[in-house]
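Reader: I would like to go through this model piece by piece. Can we take it as short questions with short answers?

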Amino acid sequence: MLSLKTTTAAFVAASVLAAPAAVAQDYPTRTVEVIHSYGPGGGTDRFVRAVAVPFEEIAGQSMVPISIQGGGGMPAFANFQQRRVDGYTLMAISPDQIIAHVLGRIDMAAFQPLARVQYDQGMIVVPADSPFQTIQEFIDHARENPGDLTVGITGAAGFDDTVMGLWNIETGAEVTTVPFGSSEMVSNTLGGQVDAMHEEYGPARGLIESGDMRPLVVFSDERLPVLPDVPTALELGYDVTLGRWRAFAMPADADPEQVETLFGLISEAVASDSYQEVQEQAALQFRSVLLGPDEFQEFIDNEIAVYTQVLTALGLTD
């Protein structure tokens, strides 16, 4: 079986050979800026910087993240829309932009999808001394005692809340979400203030490997090779595969040739040894398949449909 790295490299090579005319020799000629709404040093900032290192080696131009925090991401989006459409401004997008779209705060039509790069998988994780040894025991208790089980999440009415809302819908096993900051979520789960937490494998890996926590279920299409005994929600009959993803977008009216050129450059950067090493260090290699503009648009359309269903059921939108 081919590795993801080999498959990605082959795809990149085919993409570059298939459209050599699209790679303009005079673009880019200066720094490409990537706006995002998170803090310096956070996951999105690190994502952009990880791609930027090989991008500069390949393109001969820098890629730099521009952090514009606060306001639920609205200031970053406004700044992105106010920039000149000249091929030198991107935005790092994620499920947060899908949620903002569904809630009527932004319009995803403002974006030209460029490349979905990372795609993580979440889990329900319990402390080592939890009475729940299997996800079925967890589900059975939640069905018999609606709302009794508490699950720690990061932030309210965001990605984690949406995933757990979908879990409630699919399983009919109602759990109550409790929002925390990331470090507080871990301490409160370990301390027994909540019964479980929702977290991606990468951030939870250390807690799992140390034996402090146990994963009960993975929200992915397939089991993780590093957690072969942990079932997926899908194999249990629950269509819960939403994951946190990170990607690049350009303005909706971006030059098509610049879109192709940048996707080719980002594809090469993502296939590089330096990026692949960073990706594996963060445990993001399991389903981070690169999607180009057309496939990424289809993915976004599906995400919008799912998030609309869940956020409506949660009473957050009409």
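Author: Start with a term: buried means under 20% relative accessible area. By that cut-off, β8 is mostly covered, with 5 of its 5 residues buried. The model is a predicted one.

Reader: What is the mean pLDDT of the protein?
Author: Confidence here is the predictor's own. Residues at 70 or more make up 92% of the protein. The mean pLDDT is 92.

Reader: Over which residues is the pLDDT below 50, and how many contacts does that stretch have beyond near neighbours in sequence?
Author: The stretch is residues 1–23. Beyond near neighbours in sequence, its contacts in the model number 20.

Reader: Which strands stand at the edges of the sheet that holds β5, β6, β7, β8 and β9?
Author: This is an open sheet of 5 strands with mixed pairing, in the order β7-β6-β8-β5-β9. Each edge strand has a single partner, so one side of it is left without a neighbour in the sheet. From one strand to the next the twist averages 35°. The edge strands are β7 (176–180) and β9 (213–219).

Reader: In which sense do β5 and β8 pair, parallel or antiparallel?
Author: Strand β5 covers residues 122–127 and β8 covers residues 196–200. Ile124 has His198 as its bridge partner in β8. Met123 has Glu199. Over 4 bridges, the sense is antiparallel.

Reader: How many bridges join β6 to β8?
Author: Strand β6 spans residues 150–154 and runs parallel to β8. Gly152 of the chain stands opposite Met197 in β8. The number of bridges is 2.

Reader: Which residues of β8 point the other way from Ala196, His198 and Glu200?
Author: In a regular strand, side chains alternate between the two faces of the sheet. Ala196, His198 and Glu200 point one way from β8. All of the residues on both sides are buried. The other way point Met197 and Glu199.

Reader: What angle does helix α8 make with β8?
Author: Helix α8, residues 201–209, packs on the sheet. There α8 touches β5, β8 and β9. Its direction makes an angle with that of β8 of about 125°.

Reader: Which residues of α8 are buried?
Author: Their cover includes β5, α7 (182–190), β8 and β9. After α8 comes Gly211, with a positive phi near 85°. The buried residues of α8 are Tyr201, Gly202, Ala204, Leu207 and Ile208.

Reader: Turn to the other sheet. Which strands stand at the edges of the order β2-β1-β3-β10-β4?
Author: That order describes an open sheet of 5 strands with mixed pairing. An edge strand here has a single partner, so one of its sides lacks a neighbour in the sheet. The twist averages 30° from one strand to the next. At the edges stand β2 (63–67) and β4 (111–119).

Reader: Which residue of β10 does Ala92 stand opposite?
Author: Strand β3 (residues 89–93) pairs with β10 (residues 245–251) in the antiparallel sense over 3 bridges. Helix α4 (residues 95–102) lies across β3, β4 and β10, at about 85° to β3. Opposite Ala92 in β10 is Phe248.

Reader: Is His36 buried or exposed?
Author: His36 lies in strand β1, residues 32–36. Leaving aside neighbours within four places in sequence, its contacts include Thr44, Pro65, Ile68 and Ala92. The relative accessibility of His36 is 0%, so His36 counts as buried.

Reader: What is the relative accessible area of Pro293?
Author: Pro293 is found in helix α11, residues 293–313. Not counting residues up to four places away in sequence, Pro293 touches Gln112, Pro113, Leu114, Val259 and Phe263. The cut-off for buried is under 20%. Pro293 is buried, at 19%.

Reader: Which helix gives the largest share of the lining of the largest pocket?
Author: About 1200 Å³ of space lies in this pocket. Its lining has 48 residues, and Tyr38, Thr44, Asp96, Arg244 and Arg246 lie nearest the centre. The largest share is 5 residues, and the helix is α2 (residues 43–59).

How values were computed: Residues are numbered from 1 along each chain as its sequence is written. This is a predicted model: local features need pLDDT of at least 70, side-chain atom pairs count only at pLDDT 80 or more; totals for chains, interfaces and linings use all residues. Side-chain values use heavy atoms; hydrogens and water are left out. pLDDT is the predictor's confidence in each residue, from 0 to 100. Contact means heavy atoms within 4.5 Å. Two strands pair if DSSP finds at least two bridges between them. Axes are lines fitted to C-alpha atoms, for helices over the stretch in contact, and angles run from 0 to 180 degrees between N-to-C directions. Buried means under 20% relative accessible area, exposed over 50%, partly exposed in between (1.4 Å probe, protein chains only). On a 1 Å grid over the protein atoms alone, a cavity is a set of points where a 1.4 Å probe fits but cannot get out, and a pocket is an open set with protein on both sides within 12 Å along at least five of seven lines; lining residues have an atom within 4 Å of a point. Grid points are joined across faces, edges and corners, and a volume is the space filled by probe spheres set on the points.
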